[in-house]
Amino acid sequence: MGANFLYGAFAVTEARPIVSVVLPVFNRLETLSGAMQSVLDQSFRDLELIIADDASSEDVEGLVKGFSDPRVRYVRRQINGGAAAARNTGVAQARGRYIAFQDSDDLWLPGKLERQVALLESQPPQVGGVTGAKILYGRDNNYRYGVGKVAYAPAAGRWMTLDEDQLRRSLLENRISLQNALFRRASLPPEPLFDELARANEDWEFTVRLTQYTKVHEDPEPVVFSYILPGSVSQNTRRSVMGTIRILRNNRVIYDRYPREQSKMLYKIGTQLWDLGKRRAAARIIMKSLKSRPENALRFAGRCVRIKFRQLKTSS
């Protein structure tokens, strides 16, 4: 990142920490303190916490300066670029040999970092990251949203293993939530790590590139408590679809090597566009998906029948 994009780094100590934690933020003063404190309270102490302020209109710098902990660093982008750009800014400032991420509205559970550093250091060199689970408040396991709904994410019982083709798995499913994970910096893809044009699913796009370079150990133990807030990006279907399209475009060469996964992804995008009322674009993409999976035609027809049946049942 050029110097014109950020200012205000402070609390830099001479000793290099073992872990650099990058926390991107745009406003959210009501949750930022808790997110920061959950990192600073970790039993594993040898860390730096880098707050990457994405040109907030609220006084994030003032809040951060209220923390007297010398492990806290602050950088501010002059231009708002989204979470991916803020993460890239933070990573560029990181000095640790391990990289972790926190979100401004999540809480790390006690012992998260100690557990994951020990896990990662026990893995062979070809394993460049470990990831855990989170307790998610605001939706259930069937993706129904609302107060009082709780989920374990990602879905239990389908954990990644080191002997499977993790790249193939990642082309269709993202098992890595960034705040759940810890990475060896030397094992990460070339920087910038995140697609700054993506406004959703940039963590998934990162995972697709990550699994081309290294293996990831998945641990079922929850390490994060996460909230789904009103207006969350994860609930914005249009942004999610556009993010998924960018995954496909950015990794076209890889998807060409995995035609079945490419077809499934095209079908997923097509049905989502159909539900958003983008029928012409949806039909074109679904037709492309038939090349490797002609059975998608029957699948889509059955889907339309089920939707129509539910509509008729609701109106009667």
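Reader: What makes strand β2 and β5 count as a pair, and in which sense do they run, parallel or antiparallel?

Author: This is a predicted model, by the way. In it, β2 (residues 19–25) and β5 are joined over four bridges in the parallel sense. Pairing takes at least two bridges, so they qualify. To see one bridge, look at V21, whose partner in β5 is A100.

Reader: And how do you know that β5 and strand β9 pair?

Author: Same kind of check. β5 and β9 (residues 181–184) share three bridges, this time in the antiparallel sense. The cut-off is at least two, so that is a pair as well. Across from Y98 you'll find R184 in β9.

Reader: What makes you say that both faces of β5 are covered?

Author: Go through strand β5 (residues 98–101) residue by residue. Y98 and A100 are on one side, I99 and F101 are on the other, and all of them are buried. In a regular strand, side chains alternate between the two faces of the sheet.

Reader: Why is E261 called buried?

Author: Its relative accessibility is 9%. Buried means under 20%, so E261 fits the label. You'll find E261 in helix α9, which spans residues 259–275.

Reader: What does E261 touch, then?

Author: Leaving aside residues up to four places away in sequence, E261 touches R168, L171, L172 and Y255. With R168, the side chains also make a polar contact of 3.1 Å. The limit for that label is 3.5 Å, so 3.1 Å passes.

Reader: How do you know that the buried residues of helix α4 are on the same side?

Author: Start with the list: in α4 (residues 112–121), the buried ones are K112, L113, Q116, V117, L119 and L120. They cover an arc of only 165° around the axis, and that puts them on the same side of α4. An α-helix has 3.6 residues a turn, so residues three or four places apart point the same way.

Reader: Zooming out, what is the protein built from, and why is it called as compact as a globular protein of that length?

Author: There are 11 helices and 10 strands. The radius of gyration is 21 Å, and the globule rule gives 20 Å for 316 residues; those values are close, so the description holds. The C-alpha atoms fill a box of roughly 65 × 45 × 40 Å along the principal axes.

Reader: How many of the residues are buried?

Author: Buried residues make up 50% of the 316. As for the surface, the protein exposes about 15300 Å², with carbon and sulfur atoms supplying 54% of it.

Technical notes. Residues numbered from 1 in each chain as written. Predicted model: local features only at pLDDT ≥ 70, side-chain atom pairs only at ≥ 80, totals over all residues. Heavy atoms only, no water. Helix = DSSP H or I, 4+ residues; strand = E, 2+ residues; numbered from the N terminus. Buried < 20%, exposed > 50% of the residue type's maximum accessible area, 1.4 Å probe, protein only. Polar contact = N/O pair within 3.5 Å; in protein donor to acceptor, adjacent residues only side chain to side chain. Contact = heavy atoms within 4.5 Å. Arc of directions from axis to C-beta. Rg over C-alpha atoms; globule rule 2.2 N^0.38 Å. Areas by Shrake-Rupley, 256 points an atom, 1.4 Å probe, with all protein chains shown as cover.
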